[in-house]
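Q: Could you take me on a close tour of one chain in this model? I'd like a connected account of how its parts fit together and how it meets its partner.

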Amino acid sequence: MLGRERRSDVAMRRLQPRAGVAKMPSDGEALFVTESRRSRLVGKLSMLQLPIYQLQTNFNPLPGLNWGSQFFNFSQELAWLAVGLLAIVFVFLSFILFYHWKKFGFEKMVMAKAALLYSSVSAALLLITMISLLIYLYSL
Amino acid sequence: MFDLSSDEKIVLKVHRHKLVLVFKSFFLILFVLLPPVLFWFGGQAGVIKGNQPALFLSVYSAVLLIGWMIFFIIWTDYYLDVLIVTDKRIIDIEQRGFFKREVSTVRLESIEDITINVSGVVATFLDYGTLKLQTAAENREFIIYDVPHPNQIKSTIYELQNKQIQAPKSVKLAP
């Protein structure tokens, strides 16, 4: 009886942590010790561990510009249609402008300069638009 | 546009001050600045696929072309607004859009009074303002806005008016 009590006392003492002594538990007490200690250790570690920074936001300031979305189906035909429309507006507007400059303009020299500047820059811009659109569509 | 009589000479042709053109077309700076900013954001968000510089150039030149056309519409409207002073009358042509045009005429002898209104810091420094001609005609006031050097124009009109008053009038004698 005494022997059993002593043995149980010894076992209990083994379970209790001693200050300054690091000790691995034996096979018999492994289950009980690991379960309780693990929970305590996990708690302590989670308190000590620095929070891991994770980017929460998806940086997309212009979600409406998602050209592949269901709202706007970007296609080659549509792009060419837009450029064609721009060209038609340009031709129509040029006709009106030239008519006004010819009919109501006073200084012929100023009108000629304006006509030359307007036509050359507009034609260059329209040409750049078409060529770069062609390059872009081939790159897709 | 308007017909001058055979003995009528144009003395002065005045457009509005150039600052008016600058103010009117100032918003066009958005056409220059906005596409690069939007493309920068688009590039950051990764929504643009394919050859990015080519797409940028295409859209940017199209936007610039629209801006260029708008600028010339504004310039035409500005340029066709003109005040013409002849040795006999004053003609004010006001272009309102492409298809509306007002031409007002007042004879020099019917001008009773000329008032100049220069208000504001910019107008004072750049010397432009409103010219008001009080006439004896049915349409009593004749207002021309944003005229550069209004004092010079006023003195020119008075000079011409005095010359016309002092000039001997031809009298046709009956046979």
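How many helices and strands are there in chain B, and how do they come together?

A: Happy to walk through it with you. Please keep in mind that this is a predicted model. Chain B has five helices and seven strands. From the start of the sequence to its end, they follow the pattern β-α-α-α-β-β-β-β-α-β-β-α. Of the 175 residues in chain B, 21% are buried. Among contacts in chain B with a separation of 6 or more, 57% are between residues 24 or more positions apart.

Let's begin with the sheet of four strands. This open sheet has the order β1-β2-β3-β4 in chain B, and its pairing is antiparallel. Its edges are formed by β1 (10-15) and β4 of chain B; each has a single partner strand, so one side of each is left without a neighbour in the sheet. From one strand to the next, the twist averages 15°.

Within that sheet, the pairing of β3 with β4 is a good place to zoom in. Strand β3 (residues 89-95) of chain B runs antiparallel to strand β4 (residues 101-107) of chain B, and seven bridges join them. One pair to look at is B:E94 and its bridge partner in β4(B), B:E102. The hairpin of β3(B) and β4(B) has five residues between the strands, and B:G97 in this hairpin takes a positive phi near 75°.

Now for the other sheet. It is an open sheet of three strands in chain B, with the order β5-β6-β7 and antiparallel pairing. Here β5 (111-117) and β7 of chain B are at the edges; since each has a single partner strand, one side of each is left without a neighbour in the sheet. The twist in this sheet averages 20° from one strand to the next. Six bridges hold the antiparallel pairing of β6(B) with β7(B), and B:K132 stands opposite B:I143 in β7(B).

Helix α5 is the element to follow next, as it touches strands of both sheets. On the three-stranded sheet, α5(B) packs against β5, β6 and β7 of chain B, and its direction makes about 170° with that of β5(B). As for the four-stranded sheet, α5(B) lies across β1, β2 (82-86) and β3 of chain B, running at about 155° to β1(B).

Two loop residues flanking this second group of strands deserve a look at their backbone. B:D127 is in the loop between α4 (121-126) and β6 (128-135) of chain B. Its phi is near 60°, a positive value in a residue other than glycine. With 14 other C-beta atoms within 10 Å, B:D127 is partly exposed. Further along, B:H149 occupies the loop between β7 (141-148) and α5 (150-166) of chain B. B:H149 is also a residue other than glycine with a positive phi, near 50°. It has 15 other C-beta atoms within 10 Å, so B:H149 is partly exposed.

Finally, let's turn to the partner. Chain B uses 25 residues to contact 29 residues of chain A. On the side of chain B that touches chain A, the elements giving two or more residues are α2 (29-45) and α3 (52-79) of chain B. Of these, α3(B) gives the most, with 12 residues. The residues on this side of chain B divide into 16 nonpolar, seven polar and two charged.

That brings α3(B) into focus, together with its counterpart in the other chain. The axes of helix α3 (residues 76-104) of chain A and α3(B) come within 11 Å and cross at roughly 20°. Angles under 35 degrees count as roughly parallel, and α3(A) and α3(B) are therefore roughly parallel to each other. Their crossing is left-handed. If you want to display the side chains, α3(A) makes the contact with A:L86, A:F90, A:L93, A:L97 and A:H100, while α3(B) makes it with B:A62, B:L65, B:M69, B:F72 and B:T76. The residues of this contact between α3(A) and α3(B) divide into eight nonpolar, two polar and no charged.

Technical notes
Residues are numbered from 1 along each chain as its sequence is written. Chains are lettered from A and ligands numbered from 1 in the order in which they are written. This is a predicted model: local features need pLDDT of at least 70, side-chain atom pairs count only at pLDDT 80 or more; totals for chains, interfaces and linings use all residues. Two residues are in contact if their C-beta atoms, placed from the backbone, lie within 7 Å. Ala, Val, Leu, Ile, Met, Phe, Trp, Tyr, Cys and Pro count as nonpolar, Asp, Glu, Lys and Arg as charged, and the others, Gly among them, as polar. A residue is buried if 20 or more other C-beta atoms lie within 10 Å of its own, exposed if 12 or fewer, and partly exposed in between; C-beta atoms are placed from the backbone. Two strands pair if DSSP finds at least two bridges between them. Axes are lines fitted to C-alpha atoms, for helices over the stretch in contact, and angles run from 0 to 180 degrees between N-to-C directions. Angles under 35 degrees count as roughly parallel, over 145 as roughly antiparallel, 65 to 115 as roughly perpendicular and the rest as oblique. A crossing is left-handed if the near helix is turned anticlockwise from the far one by less than a right angle, and right-handed if clockwise.
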